[in-house]
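Here are a few exercises on aromatic rings and cysteines, each with a worked solution. Keep the viewer open and try each one before reading on.

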Amino acid sequence: MGLTGLFLVSFLVVHVGINACIFFNDNGETFNAAAHFMATNPIIRIMEIGLFLGLLLHVFQALTLTLENKKARPIAYAIVKGSANSSWYSRSMGILGSLLLLFLVVHLGNFWIGTKMAQFNGTINEHNTFDELREVFSKWYFVIIYLIGVFSLMYHLLHGFQSAFQTLGVNHKKYTPAIKKVGIWFSVIVCLLFAAMPITMFLGIIK
Amino acid sequence: MATSPKLDSKIPEGVLEQKWTKYRSTMPLINPANKRNLEVIVVGSGLAGASAAATLAELGYSVKVFCFQDSPRRAHSIAAQGGINASKNYQNDGDSIYRLFYETVKGGDYRAREANVHRLSEVSGNIIDQCVAQGVPFAREYGGLLSNRSFGGTQVQRTFYAAGQTGQQLLLGAYSALQRQVGMGKVSLYTRHEMLDIVNIEGKCRGIIARNLISGKLERYFGHAVLLCTGGYGNVFFLSTNAMGSNVTAAWKAHKRGAFFGNPCYTQIHPTCIPVSGEHQSKLTLMSESLRNDGRIWVPKRKEDAEAIRAGKLSPNSLKEDDRDYYLERRYPAFGNLVPRDVASRAAKERCDAGFGVNKTGQAVYLDFSYNMKFKYGKVEATIQGIENPSEKQLEDLGRAVIKEKYGNLFDMYEQITGVNPYQNPMQIYPAVHYTMGGLWVDYNLMTTVPGLYALGEANFSDHGANRLGASALMQGLADGYFVIPYTVGVYLSGEIRTKPIPTTHEAFEKAEQEVKARIEKLFAVNGTKPVDYFHRHLGKVMWEKCGMARNAADLKSAITDIQKIREEFWKDVRVTGKADEFNPELEKAGRVADFLELGELMCIDALHRNESCGGHFREEFQTEEGEAKRDDDNFTYVAAWEMKDVSNWELHKEELKYENIKIAQRSYK
Amino acid sequence: MGGNSEKTINVTLKVWRQRNANEKGKFENYEMKGVSTDMSFLEMFDVLNDRLITEGKDPIAFDHDCREGICGMCSMYINGQPHGPKQGVTTCQLHMRSFSDGDSIIVEPWRSAAFPVIKDLAVNRSAFDRIISAGGFISVNTGNAKDANNILIPKDAADKAFEAAACIGCGACVAACKNGSAMLFVSAKVSQLALLPQGQVEKQDRVLNMVKHMDEEGFGNCTNTGACEAECPKGISLENIARMNREYLGASFTQNK
């Protein structure tokens, strides 16, 4: 889980970087250029397959893990005081992950399918992702869905980031506090950046 | 006096220092192929049991281990705190095999066998080697070498330790060695099984009857030899530092089938336990003897102050240095707070009986760390940190950190139980029953008077005489299990290689099982009105008051009739709920208390017959002018081994103790 | 003596009752009046059991032995937490001063597929013993050891090994974990031996065998919530789990068998 998780994290860095291009507020020019590069570069196209495999593996691992864990406690406690010993989001990775997965379906439906169609139709050079963004984020319910998705991601990361290191055996007096800090900052900043896109576009700050 | 013909101690001839080595080198051996066909039953999985079982399996014997707990790791050896002695002389302070031997015999008030104690001292070093090889994480110095501390009754530093959890670490070492053999199929493990009888065939012990505590079924097991490693019987006092399940049942059943009981009245009362807090109390908690290294024991000098403290009108912290009576330092300047346990316990009782006790019951003294916190550790730390002219507050803070590192877990435990912070207030302590030096009589091979039946560790009487020194119980348990029984059991088993396993359908097994069954049915049949604990508490109170820290003939006589009465009442009015064929802790308890009710009587008989004071056995009629124990070496330099004839009827056999290497003297710690 | 404040409280106990492994269980309520706050939690159960016996009812079965927090036998899940609300203590060390007058206290057994209920609050934890048998040892027969001080061990390593070895095998980690994972228990033993020079020879086999056996016993997986560490009465650190993961990954990749 940790390894696939960290792999997916690396994708987030790229994704959030490209998203941030809208903040040039240049009518999506920089953004579209970056998006176009991502959609056409052959190396990226191969990596995309890797990404999907990584995601599938992550989901598959999560499912097996959950099933095994359910079996490990066939009779539930009448009362569990989880707050006394752990954070709610560390105990809710499955739910947060499922929310994320649902969000991904919507998200891919919004953007990825359009780009794919353009790739197949050979119209990728005319494809304007920024226009798509504007359209999607003009609808309030999409904005809400995206915000829910982004906050699920944030809490998923808040636990997942540092947890991945623990799983891989990295727990050190010197480095672990730093890893934990980086994890928190990473989760918050990345997710704020993600959240900024639908909000600013909905409010018309980015045009 | 002459030794009874029924007692052959089998001590090898020769010079003391060479007895064991020579004996070991000349004893008969068994070839590996034959060992596989020899079955050994080990009852109990504490230090003695686990180490014996693991080692015998390593040697190739087929071993079966039984314990009543849910895992061998729960045996009460786990609770030993302070440490384990070994004559390594790592500290270069003059220790040697002879010195450990001498101090143990002296500490036992000259009532232990020289040859056994010398052997114990000889193998003590091997124990440490073995444990370290197993990965037992003993405390270490910065250079990576093993660390030592001192304990009561000695003036050298020979105690190896792992914080305040030495027993735990040693037991887990032996347990892992045992589990390794279980994993290899050489040991069969029977947890949640309680031994309820031994089976003797043609004068030899050939097996046991055990109750599966989960299903309640009685089961029969054959063994060419049976090792009882079942611990001590301190729970006869109801309140003791023993675990709730610690019991005499296995040893007692063996006693009833012919194993003599040695020195039953020798009980160790540990000086530093948390005092009793109320009627509901189920057990007492020990505060390690190691605390006496840094804690000073005192009571107020003036009775008015003690009364004011008891009434809650005066805080001990506000009492001036001159108004405190550090009575151990006053009475025993050479050993101070580190006198042996029996001496420290009696001194506390003396002060409390004289009206200087400091809690609401008047049954407590102070164990105070503030002086050493400030002036021993605080000063050193201040020097290390280069603080000039530190204030008293600074010293206290610096010293507190050191104390915390050394004894943190014990301080936490104290606060947990009492609700009082021991860093700010002196601890309150009082003596409590802790260990029993008495036990099944065994010869030099650790065999009881029943051939093929052995007793190891606290279950036997052998090495501690009338008083055990701190950190010696762990040493003895592991010595017996790792380094003695693996050799000595061969002396007997080499004669058994032609004995085929006896089927458990044999009539002796049948008969023994029927008797066990009948006894269980009898317990249910009483169907009285009172729970088992009622009788146990009652028995404990009689034992503590009349056969405890101080005893006298009149009290002991009345205790014997008291106990007989309680026993009678028990068999008329006890109520055991549930059924025999199910998990039934009440039934387990009832069987154990029934045995305690017989043992208690024997302890009082033994205490009454021993017209002297020695070690933990203090008879008020026999004391020096200063109130110290007064032995009668002319008449009592013997082991009292009791043979059970019938209910309330025992025959005394004496084993004379010969001191050929040590000159017997009045024990002095002044 | 005990606490200087002698107080009594009334509490309501809701206790899991189950006759044996095969029958279904249910909760039963017991009113406890005038409980001294100096009493330990288990002493309150003693009082309750004596009452039940006198009333001719079946007393509550629960595991306990040393009653000083070291044997690891006691095992009650109290108000949603193993060993109750106080950190760093076992059930037997929990005292009634940790509760208030009028409290309702729910008591359940450890719940884990690997720890089947024997009766009421007593469970079978022999899975732990079997995991130790799979590799939680150093293979050294009695008599083979060299002089103890021939092995130098840095104090830090010895201290860390000791901290890991302080585990009492009570199973609170499994009980606390939402996945019923035994990683803290297993990693404590793996760590203790991995930290010491004596443990190096067998370290690869040890971790692989112990983890394999842990999985076979039906424990769940670790998702690093940290509940085990927070509830461990002996403060065994999550660092041990990371160390075991490290040992395991290393052994998996490099073992050549």
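**Exercise 1.** Work out where Tyr98(B) and Tyr102(B) lie and how exposed they are.

Solution. Start with the helix: Tyr98(B) and Tyr102(B) both sit in H4 of chain B (residues 97-107), four residues apart, or about one turn of the helix. (Helices are DSSP runs of H or I with at least four residues, strands are E runs of at least two, and both are numbered from the N terminus.) Next, accessibility: buried is under 20% relative accessible area, exposed is over 50%, and partly exposed is in between, with a 1.4 Å probe and protein chains only. Tyr98(B) has 37%, so Tyr98(B) is partly exposed. Tyr102(B), at 30%, is partly exposed too.

A word on the ground rules: this is a predicted model, where local features need pLDDT of at least 70, side-chain atom pairs count only at pLDDT 80 or more, and totals for chains, interfaces and linings use all residues. Residues are numbered from 1 along each chain as its sequence is written, chains are lettered from A and ligands numbered from 1 in the order in which they are written, and side-chain values use heavy atoms, leaving out hydrogens and water.

**Exercise 2.** Find the disulfides, then check Cys67(B).

Solution. A disulfide here is a pair of cysteine sulfur atoms within 2.5 Å. Searching the whole structure gives zero over all chains. For Cys67(B), the nearest cysteine sulfur belongs to Cys229(B), 12 Å away, and Cys67(B) is in no disulfide. With 3% relative accessibility, Cys67(B) is buried.
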